[in-house]
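Below are some notes on the model you sent round, set out as numbered points. Please read them with the coordinates open.

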Amino acid sequence: MTDINLIPEPEESLPSLSVSNDQGILQWISSVDHKQIGIMYLWLSVLFLVVAGIEILLVRLQLAIPNNHFLAPEVYNQLFTMHGTTMIFFVAMPAIFGFTTYFVPLMIGANDMAFPRLNAFSFWTTFFGGSLLYFSFIAGGAPDAGWFNYAPLNEYNYSSSPGIDYYCAGLLFAGIGTLTASVNFIVTILYYRVPSMSLKQLPLFVWMILINSFLVLAAFPSLNAALAMLLLDRQLHAHFFSTTGGGSAILWQHLFWLFGHPEVYIVILPIFGIFSEVFPVFSRKPIFGYGMVVGSGIAIALLAFGVWVHHMFATGLGNTVNGFFAASSLLIGVPTGVKIFNWLATMHGGSIRFSVSMLFAIAFLIEFTIGGLSGISFAIVPIDWQLTDTYYVVAHLHFVFIGGTLFGLLSGLFYWFPKMSGRVPDQRLSKWFFWLFVAGFNITFLVQHALGAMGMPRRVYTYPDLPGWGILNLISTIGAFLMAGAVGLLIYILIIALRKGALATPDPWDANTLEWTTTSPPGLKNFDRVIPVKSTRPFRDYKRPADADWKANATDPTTTKPDPHGK
Amino acid sequence: MIKLVVGTEAMFFLALIMAYIYFSLLPGFSPQQADHLDIRSTAIFSAFLFSSSFTFWRAETNFKKGKMTRLKGWLLLTLVLGVIFLVGQGKEYARLLRENVSIGSSLFGTSFFTLTGFHGLHVFAGLVVISIITALTFMGDYDRSTSSVFGTVGIYWHFVDAVWLFVFLIVYVLPHLHKITC
């Protein structure tokens with residue numbers, strides 16, 4: 001920490017979204033600047049989004065009509081496994097970490113992360129983890145046991161290609177990168193804030209990252225242990241998960257979901273943070289119930305470790321266990337619901353600007369609530385027994401992953417893109433993208449609820465021509481291609497914006513937090529001096545000193561102490 | 001920072017220990033455990049590891065007081081004690097392998113070698129780090145320094161010791177007590 005001045009920093013070029021600059025790619029590879037590393041995380045995420053998207057388009061083509069033989073069953077298994085694994089570990093996680101690495105230091109008035117070289121290490125381990133996972137295609141076959149890779153299908157006897165070994169190695173690498181990044185975030189947030197910023201004035205995105213990083217530290221070791229055991233099983237013939245050798249297949253499920261359920265909150269809590277920035281800015285109101293947003297985030301993080309068995313209701317653990325985890329799963333819906341009402345109340349009475357970022361935020365409220373409701377139905381054990389491993393699950397998880405995580409990332413992208421690139425994307429095309437993507441998403445996944453209720457199992461490579469199945473699957477495939485077209489449009493919008501978009505002002509949205517006090521894009525050194533922080537909206541206080549939040553609190557006769565909710 | 005690292009490492013070992021306990025409750029596990037493990041020799045080399053925590057603590061104290069000669073002594077002693085532990089563990093592994101207990105031989109072998117192996121790996125990593133800071137101490141890097149490195153390494157080293165305390169209790173002592181009472 002003391003030798004922070006010794007870290008070599010590029011001096012000439014400013015970091016921006018475009019990969020070309022005068023020092024070439026070497027400057028990016030050797031960079032320890034948090035903004036450049038953040039941008040590299042985001043480009044990595046886009047790259048893998050395209051790859052995993054193509055994989056699932058092939059899968060959807062195979063499923064478009066009954067009794068199709070477009071793909072061989074082995075290829076089909078590899079494609080859906082790689083799609084899930086990639087989307088979660090190498091699209092959602094790097095995108096979240098990209099925004100975090102870029103914006104946490106800016107939002108707390110710091111000039112870099114606490115450990116800049118560790119930050120670069122985290123990115124490159126994630127990068128090589130993903131590369132290792134994809135190397136399996138050339139090494140003799142990709143992993144083919146689903147993204148959660150159940151025993152005994154993940155054992156050598158059932159999957160003798162080296163794919164699952166690469167799955168273990170790749171995810172171990174990426175997992176270590178995730179853990180070191182989280183350590184870095186916590187230390188940065190706790191020790192590198194501008195001195196006037198108390199924890200009660202932390203931007204909510206930063207609060208969610210803080211909570212989330214503890215969640216990562218507690219959840220990922222379980223996955224790493226499981227992966228290490230699986231590698232020992234496959235390489236040294238240990239018997240952890242091989243039932244023939246006396247091991248336990250259920251143990252894999254316990255270890256995996258003890259990680260896996262917190263993981264779904266790991267990819268949604270930062271998103272809640274992004275929305276808690278977007279809603280107030282575009283409603284021109286302070287967030288409703290700052291304390292409740294933070295408190296419910298902590299509640300989610302704690303409850304996240306008490307719900308993993310709801311992925312395993314069908315394994316026969318007994319009524320007592322099922323009852324306990326059904327209750328806890330219903331319970332964890334409550335703090336999430338609290339947040340939905342926080343955002344609704346923030347919008348209520350506000351003067352709302354329907355920017356693309358805000359459109360995604362509003363769409364999120366609807367789609368994520370649908371995903372939440374279908375999720376709640378799984379907490380009820382008999383319904384779970386009926387619907388588990390059907391397309392209803394596929395529909396549910398995509399409503400929360402796309403309608404939640406991806407919408408949040410896109411909302412954050414359109415919110416922060418002018419800051420990161422110094423350019424404004426085309427508004428008209430961006431709105432076209434929004435509507436195309438939302439339409440494609442709903443066409444793809446709404447019908448899958450019905451398919452699941454009709455009993456279509458997930459992960460089957462083809463299906464008989466039962467009444468209704470063919471047409472619903474065809475609709476779903478058409479929707480998937482619509483989404484793919486929309487993603488193509490998004491990439492076009494971004495590239496055009498980077499090349500010849502209108503120049504962005506430092507504060508295009510009239511926003512509240514410190515990152516908007518810098519130039520767009522920020523210079524290599526984020527801040528020479530930071531404006532005083534006296535409330536949760538320091539930049540607004542600075543722009544409107546007569547109407548500052550902290551003055552409203554100070555003159556409020558009903559309270560002698562500052563309002564803990566920061567309203 | 002190191003506390004966060006140790007916290008996440010603790011979760012990792014918790015997963016391994018839970019797996020060990022889970023398997024140890026299955027039939028056929030405990031007779032093997034009783035037959036193959038020798039609590040006496042393990043207790044001896046465990047004592048070396050436990051005392052290395054004490055010596056490292058002495059090193060930290062002397063560093064704070066600026067007594068560099070004593071610091072060097074305690075660091076070297078810590079290294080020796082840690083190495084003796086690893087040698088002891090190596091001998092135990094060699095004996096087990098001669099008795100045809102390996103990671104692939106049975107559930108006991110699988111969970112025993114994984115748990116103690118990962119712990120041994122952590123001891124080894126700790127020894128590498130301590131060797132580095134010992135070398136740096138001899139080169140005079142920490143003279144009149146306020147470096148936090150000894151405190152940081154100390155937290156890790158004590159953690160590795162504490163993990164062994166649990167492993168030793170669960171793998172060696174509890175089954176032994178069970179054997180005596182039966």
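1. Among contacts in chain B between residues at least 6 apart in sequence, what percentage join residues at least 24 apart? The value is 81%, and, as with everything that follows, it is computed from a predicted model. Chain B has six helices and zero strands, its elements running α-α-α-α-α-α from the N terminus on. Its C-alpha trace spans about 60 × 30 × 30 Å along the principal axes, and of its 182 residues 30% count as buried.

2. Within chain B, H1(B) packs against helix H6 (residues 149-181) at an angle of about 15°, the two axes being 10 Å apart. Because angles under 35 degrees count as roughly parallel, H1(B) is described as roughly parallel to H6(B). The crossing of this pair is right-handed. On the side of H1(B) the contact is made by B:Ile2, B:Lys3, B:Val6, B:Glu9, B:Phe13, B:Ile17, B:Tyr20 and B:Ile21, which meet B:Thr152, B:Ile155, B:Tyr156, B:Phe159, B:Val163, B:Phe166 and B:Ile170 in H6(B). Sorted by class, the contact of H1(B) with H6(B) has twelve nonpolar, one polar and two charged residues.

3. The interface between the chains also involves H1(B), so the two points are best read together. In it, 17 residues of chain B are in contact with 22 residues of chain A. Helix H1 (2-24) and helix H5 (107-138) of chain B each supply at least two residues of the side that touches chain A, and H1(B) gives the most to that side, with ten residues. By class, the side of chain B that touches chain A has twelve nonpolar, five polar and no charged residues.

4. In chain A, a helix pair that deserves inspection is H8 (residues 269-283) with H10 (residues 319-347), whose axes come within 9 Å and cross at roughly 15°. That angle makes H8(A) roughly parallel to H10(A), and H8(A) passes H10(A) in a left-handed crossing. The residues that make the contact are A:Phe272, A:Phe275, A:Phe279, A:Pro280 and A:Ser283 of H8(A), together with A:Lys339, A:Trp343, A:Thr346 and A:Met347 of H10(A). By class, this contact has six nonpolar, two polar and one charged residues.

5. The largest nonpolar core holds 204 residues, of which A:Val206, A:Leu215 and A:Phe360 touch the most other members. Helix H6 (residues 204-236) of chain A contributes the largest share of this core, 21 residues. For A:Leu215, once its neighbours within four places in sequence are left aside, the contacts are A:Pro262, A:Tyr265, A:Ile266, A:Leu269, A:Ala301 and A:Ala304.

6. A:Gly129 lies in helix H4 (residues 116-139) of chain A. Is A:Gly129 buried or exposed? A:Gly129 has 23 other C-beta atoms within 10 Å, and because 20 or more is the cut-off, A:Gly129 counts as buried. Not counting residues up to four places away in sequence, A:Gly129 touches A:Gly170, A:Leu171, A:Phe173, A:Ala174 and A:Gly177. By way of reference for a distance check, the C-alpha atoms of A:Gly129 and A:Gly323, which are 194 residues apart along the chain, are separated by 38 Å.

7. Two cis peptide bonds should be looked at when the backbone is checked. The bond from A:Ala151 to A:Pro152 is cis, with omega near 0°, and A:Pro152 is placed in the loop between H4 and helix H5 (163-191) of chain A. A cis peptide bond also joins A:Ser520 and A:Pro521, where omega is about -10°; A:Pro521 sits in the loop between strand S2 (502-503) and helix H16 (538-543) of chain A.

8. Positive phi values in residues other than glycine are the last backbone item. A:Asn149, found in the loop between H4 and H5 of chain A, has phi near 55°, and with 24 C-beta neighbours inside 10 Å it counts as buried. A:Arg284, in the loop between H8 and helix H9 (290-303) of chain A, has phi near 50°, while its 13 C-beta neighbours inside 10 Å make A:Arg284 partly exposed.

Terms used. Residues are numbered from 1 along each chain as its sequence is written. Chains are lettered from A and ligands numbered from 1 in the order in which they are written. This is a predicted model: local features need pLDDT of at least 70, side-chain atom pairs count only at pLDDT 80 or more; totals for chains, interfaces and linings use all residues. Two residues are in contact if their C-beta atoms, placed from the backbone, lie within 7 Å. Helices (H or I, at least four residues) and strands (E, at least two) are DSSP runs, numbered from the N terminus. Ala, Val, Leu, Ile, Met, Phe, Trp, Tyr, Cys and Pro count as nonpolar, Asp, Glu, Lys and Arg as charged, and the others, Gly among them, as polar. Axes are lines fitted to C-alpha atoms, for helices over the stretch in contact, and angles run from 0 to 180 degrees between N-to-C directions. Angles under 35 degrees count as roughly parallel, over 145 as roughly antiparallel, 65 to 115 as roughly perpendicular and the rest as oblique. A crossing is left-handed if the near helix is turned anticlockwise from the far one by less than a right angle, and right-handed if clockwise. A nonpolar core is a set of buried Ala, Val, Leu, Ile, Met, Phe, Trp, Tyr and Cys residues joined through C-beta atoms within 7 Å. A residue is buried if 20 or more other C-beta atoms lie within 10 Å of its own, exposed if 12 or fewer, and partly exposed in between; C-beta atoms are placed from the backbone.
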